[in-house]
Amino acid sequence: MAEIHIDPLEKKWIYFIAFFLLISWGTILYYTFGKGVRPPSNVEVIDSARLHLPDGVGGGEFMEKNLGVHVDNNDHIKVIMVAARYGFYPQHFTVPVDTPITFRLASFDVLHGVHIPESNMNTMIVPGYVSEVHTQFTKTGQFPLICNEYCGRSHAYMYGMIDIVPKAQFKAEQSAHAGSMASNKDTQEQRT
Ligand SMILES: [Cu+2]
């Protein structure tokens with residue numbers, strides 16, 4: 001059998017391309033299965049203009065008084081947020097580390113994005129849709145929420161803050177809060 005002649009330079013390029021493909025696929029596989037980075041798959045159509053109304057989206061899910069961190073009886077955590085030019089609301093909130101968290105985000109106006117560094121939290125917030133992200137933070141500390149979709153002149157100043165605290169500290173703060181609000185029937189905890 002005649003040997004196929006491959007030019008040495010051509011050979012180098014074959015190896016280079018093969019190496020490059022392996023690195024690319026390896027990176028994708030590592031982040032997909034190792035780090036849990038994948039595109040959000042929730043499709044939920046809403047009327048953005050009715051976000052703030054009691055009879056609006058999800059029976060008033062995104063009304064101002066419902067925004068924030070909700071803990072249900074099974075200790076599941078849900079964070080309801082609105083993105084609007086130029087901020088995230090609530091602007092500063094606290095969640096526990098190593099706990100499954102569901103974020104539900106909606107935009108009041110234009111396209112926004114949200115990214116929390118050192119986590120897999122990264123999604124677009126498209127007007128007319130609810131962006132739902134399931135995540136779990138593995139590091140405590142204070143991190144910014146950064147808008148990563150250009151949304152207007154003050155886009156660069158659009159941010160929020162998240163405090164990721166140890167579970168015990170979160171529980172203590174929750175019960176202290178519940179205690180101080182016990183006389184007020186309008187607490188978020190009772191609403192969920
Ligand atoms: Cu922006």
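What pattern does the protein follow when read along the sequence? In this predicted model, the order is α-β-β-β-β-β-β-β-β-β-β-α-α. The secondary structure comes to 3 helices and 10 strands.

## Overall form

The domain assignment divides the protein into domain 1, residues 1-38, and domain 2, residues 48-191. The C-alpha centres of domain 1 and domain 2 are 41 Å apart. Taken along the principal axes, the C-alpha atoms of the protein fill a box of roughly 90 × 40 × 30 Å. The radius of gyration of the protein is 22 Å, whereas a compact globule of 192 residues would have a value near 16 Å. Buried residues account for 17% of the 192 residues. Of the contacts between residues at least 6 apart in sequence, 60% join residues at least 24 apart.

## The helix H1

Helix H1 covers residues 8-34. At 1.5 Å a residue, its 27 residues should span 39 Å, and the end C-alpha atoms are 37 Å apart, which agrees. H1 is hardly covered, as the count of buried residues among its 27 residues is 0. Just after H1, Gly36 adopts a positive phi of about 70 degrees.

## The nonpolar core

In soluble globular proteins, nonpolar side chains tend to be buried together. The largest nonpolar core of this model has 22 residues. The residues with the most contacts inside this core are Phe62, Met81, Val82, Ala83, Leu105, Ala106 and Val114. Two or more residues each are given to the core by strand E2 (77-84), strand E5 (101-107) and strand E10 (159-165). E2 gives the most, with 4 residues.

The surroundings of Val114 can be listed in detail. Residues up to four places away in sequence aside, Val114 touches Ala83, Phe88, Leu105, Met121, Thr123, Ile125, Leu145 and Cys147.

## Two antiparallel hairpins

Strand E1, residues 68-71, pairs with E2 in the antiparallel sense. Strand E6, residues 112-115, pairs with E7 in the antiparallel sense. The table sets out the two hairpins.

| Strand pair | Bridges | Residues between the strands | Positive phi in the hairpin |
|---|---|---|---|
| E1 and E2 | 4 bridges | 5 residues | Asp75, about 65 degrees |
| E6 and E7 | 4 bridges | 6 residues | Glu118, near 60 degrees |

Within the E1 and E2 pair, Gly68 has Ile80 of E2 as its bridge partner. In the other hairpin, His115 stands opposite Asn122 in E7.

## Backbone conformations in the loops

Most residues other than glycine have a negative phi, and most peptide bonds are trans. Several residues of the model depart from that rule, and they are described here in turn.

Which peptide bond has an omega of about 0 degrees? The bond that joins Arg85 and Tyr86 is cis, with this omega. Tyr86 lies in the loop between E2 and strand E3 (87-89). A cis peptide bond also leads from Tyr89 to Pro90, where omega is near 0 degrees. Pro90 belongs to the loop between E3 and strand E4 (92-96).

Asp98 is not a glycine, yet its phi is positive, at about 55 degrees. This residue sits in the loop between E4 and E5. Is Asp98 buried or exposed? Asp98 counts as exposed because it has 12 C-beta neighbours inside 10 Å, and a residue with 12 or fewer is classed in that way.

Glu118 is found in the loop between E6 and E7. Its phi near 60 degrees is a positive value in a residue other than glycine. Glu118 is exposed, with 11 other C-beta atoms within 10 Å.

## The loop position Val126

Val126 is placed in the loop between strand E7 (122-125) and strand E8 (131-135). Because Val126 has 17 C-beta neighbours inside 10 Å, it counts as partly exposed. Neighbours within four places in sequence aside, Val126 is in contact with Ser107 and Leu111. Val126 and His112 are 14 residues apart in sequence, and their C-alpha atoms are 6.6 Å apart in space.

Technical notes. Residues numbered from 1 in each chain as written. Predicted model: local features only at pLDDT ≥ 70, side-chain atom pairs only at ≥ 80, totals over all residues. Domains from an automatic or database assignment. Expected span 1.5 Å × (residues − 1). Buried ≥ 20, exposed ≤ 12 C-beta atoms within 10 Å, placed from the backbone. Core = buried A, V, L, I, M, F, W, Y, C linked by C-beta atoms within 7 Å. Contact = placed C-beta atoms within 7 Å. Rg over C-alpha atoms; globule rule 2.2 N^0.38 Å. Pairing = 2+ DSSP bridges.
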